[in-house]
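Here is a short tour of one protein model, with a look at how its strands pair and where its aromatic rings meet. Please keep the viewer open as you read.

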Amino acid sequence: MTYLVVGGAAVAAYVSLPPGLGRDGLFLVVGLAQAAALVAGVRLHRPVSPTPWLLMAAGQMLWVLASVVGAATGETAAIDGSPGLVDVCYLLGYLVLGIGLFQLARIRRPPRDLGGFLDSAIITVGFSLLCWEIVAAPSLAAYDGSGAGTALVVAVAYPLADVMLLGVLVALLTIPGRRLPALRLLTTALVLLIAADLGTAALRGVSSAGPTAMNPLWLGSYVVWGATALHPSMRELSVPTTAEPRLGPALMTALTLAVLVPPGVLAVQQLAGRRLDVWPVLGCAVLLISLMIFRLWLAIAQMTTAIRARGRAQADLARQASLDPLTMLPNRTQAMRLLAGALAQAKRSGTRVGLLFVDLDGFKAVNDRFGHGAGDEVLQVVSRRMAAVVRNGDVVARLGGDEFIVLLERITVSEEARAVAQRVVQALAETILLDDGLRAAQVGASVGIALSQDADVEPDVLLNEADIAAYRAKAGGRGRAEVFDQGLREELRQRAVVESGLAAALSADELELHYQPIVCVDTGEVEGYEALLRWRRDDALIPPDSFIPIAEESELICEVDAWVLQRAAQQLALWTRDWHRPDLVMAVNVSGRHAARARVIADVADAAQAAGIDPARLVLEVTETAMVDDPAAVVHLSELRSRGFAISLDDFGTGYSSLARLEQLPLDILKVDRKFLDPDVPSAAKLLPLIVHAGHAFGLTVVAEGVEHEHQLATLRILGCESAQGYHLGRPVRATDVRPATAGRQPTSPSGLPQAQAAAPATRP
């Protein structure tokens, strides 16, 4: 910017100075400053390709040399007389400048940009005709043959040099990409230069000041050219562009105007009453038309290529969008589309559609043991094995994770689907070798089979039926196939009835809590209670086994758990106040689904806060399976434990039963399952001491459930088990039937049970 200000001041000073030595000297200083600015820009910004800028500086120096020679000898350019050394310097300067600009355009233009070259040629040809009419033609007309022929050649060479510069400028402007500040400055400099040259030629013979009247424009061109090299964007101007060529509105306008030059010249000549230059105009028109035809052909070819490429890209995207990228099987979206099409075809043809839902067994263990890379390899092997054992025309698809489906069309009897399912189970039961046989993985498959019962079945319904059948197969022992039959359909209907009824029971106050005491083994003192959910419907008490498993299959269980937490915490607060028992605890069961949701933290904390109880007195009982199946449950329970809530591992011995896991889980209490007190279980007597001692080894309090006889209580006392619960100590009863649990052992009935519980109904938790 500073350079432009100083240069502008120099141009203004030149205009204000009278003709003479001072004015000529200022002209030379500005020319030298321009060449120096070009060299300084190269040294300052260090473009990747400095050659074009150095050539431009050399061309400017030749012009300065021409000015020095002219000032020393009194020579002027041949436009005013015979050619001399001045003309040689000027024309060489044009040539070197043109080469430099051409190099810059060649570097910046994308490779194989034939369209840009044609655009430049069309615009340059149109401008050449204008130069012919303005400069070259008058020079030829004024030449009478008496002078030297070189004078004519040199006089014509100047407008041709301007045509060359314009052609290179157009080449630069037609290059795609961002219009950099350096490009705008360079365009301004070239426009000023060409305008000065054409203006000088137009004023020749009209004004005695013709040779010098345009000097301010030349000086302005010098100043702006120097500013181009000093601008930081000159570095970016010197590297290839990455933009895609395109025909923009400005370029289309320039091409249209160039094509209209020949008829425009003829029209001006006709209106001015001048002799028509038919042959030059005709030659230019033919050349322009030829170039335009070639350009249109190229544009059509590029458009056709682009359309084909877009079509291929869209086809690829559609294919990628419909395929699972890991196995290259149809994904869920495509699978549902194919299933809908198969059902529509079956409706027209009167046939049935079968659907296998394949859920891998043991896949999580593969990921845990070998890593997710091995898991991906297993999925790929599984997909290939399934595709190899299905019938011709059957479709294998991956829904996601370790779940697949097989679409079976034209099924007549269920045995056909069973046969395919059995082949899938057998194929996936075979060992999978990983890493070229270095490691072996073992998975299996539980398969659910669903058959379309009527023509109007929806794809989602059929998929849900197959999924439910797969769940039944997995629950029945895994590695087997199960058909979604009428019995399972009726069970599903009943489950839906129970689920909707339970949701209504939450708001209809049909749910209630029963409380079973937890007793100190040594003293018989009631330490707390476990809150057990019951559903009273139509004056009948529905046991939890009839509705809790159904609720646990949906988010409804979270709402049920939250209700239980609120009521149990409130009851604990009431008993604490009425019985003066600040040490009393309340155990509440938390489902695995609820524990895996982040909301469990707020549900538990809100319940304790609303009741005003110490978090340590609220015990959250969670099963082993819930903790192992979802790592999120462990995270949430760890957070609750850090807030002071006690965590109890419920039904220990019925799930994974890994003693090593006890140290990894956020636990305070180990609750031994009732089967280890059952005399009919042969191994119970040997395993019970092991479990109690293991719990103590990990610093856990041990609670035994299922105590129904005094000798069981005595055994627990010998083993050092801290607490127990069971029918011998008290059955679950409503809050109104619970006797106050004051400090010390409660009075017992003749049967050994606490009196308040002795008469309670025999309802197991």
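## Strands side by side

Strand 6, made up of residues 444–451, runs parallel to strand 7, and 3 bridges join the two. Within this pairing, Ile-449 lies opposite Val-483 of strand 7. Keep in mind that this is a predicted model.

Zooming out, the two belong to an open sheet of 5 strands with mixed pairing, arranged in the order 2-3-1-6-7. Strand 2 (395–400) and strand 7 (481–483) each have a single partner strand, so each stands at an edge with one side lacking a neighbour in the sheet. From one strand to the next, the twist averages 20°.

## Rings that meet

The model holds 10 aromatic pairs. One of them is formed by Tyr-14 and Phe-27, a tilted pair with 6.0 Å from centre to centre and 55° between the planes. The two residues are 13 apart and link distant parts of the chain, with Tyr-14 in helix 1 (residues 2–16) and Phe-27 in helix 2 (residues 21–45). Both Tyr-14 and Phe-27 are buried.

Phe-27 also pairs with Tyr-222, this time edge-to-face, at 5.8 Å centre to centre and with 70° between the planes. Here the link spans 195 residues, from helix 2 to Tyr-222 in helix 9 (residues 215–230). Tyr-222 is buried, as is Phe-27. Which cluster do ring pairs build with these residues? It consists of Tyr-14, Phe-27, Trp-63, Tyr-94 and Tyr-222.

## A charge over a ring

One last stop is Tyr-727: the charged end of Arg-731 sits over its ring, 4.7 Å from the ring centre.

Note on methods:
Residues numbered from 1 in each chain as written. Predicted model: local features only at pLDDT ≥ 70, side-chain atom pairs only at ≥ 80, totals over all residues. Heavy atoms only, no water. Pairing = 2+ DSSP bridges. Helix = DSSP H or I, 4+ residues; strand = E, 2+ residues; numbered from the N terminus. Axes fitted to C-alpha atoms, helices over the stretch in contact; angles between N-to-C directions. Phe/Tyr/Trp six-rings, centres within 6.5 Å; stacked < 30°, edge-to-face > 60°. Buried < 20%, exposed > 50% of the residue type's maximum accessible area, 1.4 Å probe, protein only. Lys NZ or Arg CZ within 6 Å of the ring centre and 35° of its normal.
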